Amino acid sequence: MWIGVLSIGSALAVGHLVAAATGPNSSPYLAVGNTAVDLTPEPVKAFAIREFGAADKTVLLAGMAVVLLALGVLAGLVSRRRALPGLLLVGGLGVVGIAAAAARPDLGALGVLPAVAAAAVGLGVFAWLHRLATAPPAEAAPPTEATPPAPGRRRFLVTAGSVAVVAGAAAAIGQRLSATRGAERSRAALGRIAPAEPAPPVPAGADFAASGTPTFITPNRDFYRVDTALMVPQIEAGDWRLRVHGMVDRELELSFADLTGRRLVERTITLCCVSNDVGGPYISTADFVGVPIREVLAEAGVRPGAQQVLSTSVDGFTAGTPIDVLTDPKRDALLAVAMNGEPLPVEHGFPVRMVTPGLYGYVSATKWLTDLEVTTFDRQAYWVQRGWAQRAPVKTQSRIDRPAAFGKVPAGRVVAAGIAWAQHTGVDRVEVRMDGGPWQVAQLSTEVSTDTWRMWRIELDAPPGGHTLECRATDRSGYTQTGQRTPPEPDGATGWHSVFFTTQ
Ligand SMILES: Nc1nc2c(c(=O)[nH]1)N[C@H]1C(S)=C(S)[C@@H](COP(=O)(O)O)O[C@H]1N2
Ligand SMILES: [Mo]
């Protein structure tokens, strides 16, 4: 069993080490994991995002580890006498790794090297340890006090232990080299990127954080994160290029310096994810600095008949954003380079991402952006291929943050507070009701813009006992949130958030 587990473990470790040279995502473990993410049936993926959030990746990688461990044990068990069955199993895994790496859109020709090295090491270690374990002891002399019994066994244990130590070191060095490569250093070297047109300061009274709402601006470390990348893509600003092509009069190719050499504007924008259940956490707000996409599109010259811009990230994710939204003179969709006064954090798309007010992130907010293709809706982006809507304006929604679900608060005057959002339309009113009673209008925070969330707050009289609180928002178009609960698929959840709490 140890032979199987050690051979697979050392194969992955060496693959991880070689991947430090050929790109972190070419590590066989991650290449297989990324392929698994892309092949996972849509309902399972939606479930994972909903249930595990950013931990979905850890869950996947841990699941793969369990499967590999089991296969290692199996490879050993079927090879008690002859090495061949185990070699076939380990070799089969090698083929899976090589195939996954070869199929990854984000890996170049060298991307299969780590998987090839891993397969070779896996087979070699298996054959070597198997021979050691099954070979008869070299000298058949009877054990005496000077020569302890079973030298073959001891020799095997020492060799296996050494293999484990060397493999562990290879994996650790590979991890360290990958993590400190490029992007973080490049980001630090950029320093502050100052906009020509800064966003107005957030006014006092823009949030009710003292009553339990989020702060108006979400600090970068708290900003929600949703993506399909197992290992965050590492791109140095100096290597970054954006190609703008398709149904345009002039193809463009922009470097990072080209982009930041343009007039940079700063906009406060609330971003949210379509996978949010009613009451869910995937919504945050930041000051983004960037170039309006509309200006870049105007320079390229969008041809008649174009319907969407298909954006691609370096790791092969795609999003399709309607042209009418991107060219709307009153809506500042950005090629963003900075977030809350810092270059984009690596996990939020360094060096350049899209941000589009009013649309869910999956159709509008490509991180690690590398390509914009002006095209028609015939081309389907990543999540559209998996059954989600092609056009995905953010639905008007609201959430209760206080009292916390199943929380206990002192009876009497109870402060309830939360958030509401109707990006690019604006929140007009939030109403709250307790125990199915009459709707009461909540106080709204100072509006920053229609592209951002708004906080609400209300004081209620709550006698001792259990209470159910519900909220609903009405937007500037006059639409009041429907109470009908629908799941996030295919274009965003609907329904009123409700919270049960107890007063005592
Ligand atoms: N490259 C890439 N960009 C991506 C995604 C992704 O999986 N890969 N996910 C999108 C989705 S679904 C959302 S909601 C937003 C989330 O952005 P954030 O992680 O910065 O909050 O990024 C979008 N951009
Ligand atoms: Mo999303």
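**A walk from one buried leucine to the rest of the fold**

Let's start at Leu469, which touches Ile400, Arg402, Pro403, Ala416, Val432, Arg433, Met434, Leu460, His497, Ser498, Val499 and Phe501, leaving aside residues up to four places away in sequence. Touching, or contact, means heavy atoms within 4.5 Å. This is a predicted model, in which local features need pLDDT of at least 70 and side-chain atom pairs count only at pLDDT 80 or more, while totals for chains, interfaces and linings use all residues; side-chain values use heavy atoms, with hydrogens and water left out. Residues are numbered from 1 along each chain as its sequence is written, and chains are lettered from A and ligands numbered from 1 in the order in which they are written.

Leu469 belongs to strand S18 (residues 465-475). Helices (H or I, at least four residues) and strands (E, at least two) are DSSP runs, numbered from the N terminus. With a relative accessibility of 0%, Leu469 counts as buried; buried means under 20% relative accessible area, exposed over 50%, and partly exposed in between (1.4 Å probe, protein chains only). One of its contacts, Ile400, lies 69 residues away along the chain, yet the two C-alpha atoms are separated by 8.2 Å.

Stepping back, the protein has 12 helices and 19 strands. Its C-alpha trace spans about 95 × 65 × 40 Å along the principal axes. Of the 504 residues, 52% count as buried. Among contacts with a separation of 6 or more, 75% join residues 24 or more positions apart.

Now to the helices. Helix H2 (residues 28-39) packs on helix H5 (residues 84-103) at an angle of about 65 degrees, with the axes 8 Å apart. The axes are lines fitted to C-alpha atoms, for helices over the stretch in contact, and angles run from 0 to 180 degrees between N-to-C directions. H2 and H5 are therefore roughly perpendicular; under 35 degrees counts as roughly parallel, over 145 as roughly antiparallel, 65 to 115 as roughly perpendicular and the rest as oblique. The crossing of H2 past H5 is left-handed, a term for a near helix turned anticlockwise from the far one by less than a right angle, with clockwise being right-handed. Here Ala31, Val32 and Thr35 of H2 meet Val96, Gly97, Ala100 and Ala101 of H5.

H5 has another partner. Its axis and that of helix H6 (residues 113-134) come within 8 Å and cross at roughly 170 degrees, and H5 and H6 are therefore roughly antiparallel. Residues from H5 in this contact include Gly86, Gly97 and Ala101, and those from H6 include Ala115, Gly122 and Phe126.

Just before H2, Asn25 sits in the loop between helix H1 (2-22) and H2. Because its relative accessibility is 10%, Asn25 counts as buried. Its contacts, not counting residues up to four places away in sequence, are Leu30, Ala31, Asn34, Asp106, Leu107 and Met231.

Next, the aromatic rings. The whole structure holds 10 aromatic pairs. In the pair of Trp240 and Phe256, the ring centres are 6.4 Å apart and the planes stand at 90 degrees, so the pair is edge-to-face. Rings of Phe, Tyr and Trp (its six-membered ring) pair if their centres lie within 6.5 Å; planes under 30 degrees apart count as stacked, over 60 as edge-to-face and the rest as tilted. Both Trp240 and Phe256 are buried. Tyr362 and Trp388 are also edge-to-face, because their ring centres are 6.0 Å apart and their planes at 65 degrees. This pair links distant parts of the chain, 26 residues apart, and both Tyr362 and Trp388 are buried. Ring pairs join them with Phe317, Tyr382 and Trp383 into a cluster. The charged end of Arg386 sits over the ring of Tyr382, 3.7 Å from its centre; this calls for NZ of Lys or CZ of Arg within 6 Å of the ring centre and within 35 degrees of the ring normal.

Finally, a look at the backbone. Most residues other than glycine have a negative phi, and most peptide bonds are trans. The peptide bond from Phe350 to Pro351 is cis, with omega near 5 degrees, and the one from Glu489 to Pro490 is cis, with omega near 0 degrees. Trp368 has a positive phi, near 50 degrees, and counts as buried because its relative accessibility is 2%. Asp435 has a positive phi of about 55 degrees, and at 43% relative accessibility Asp435 counts as partly exposed.
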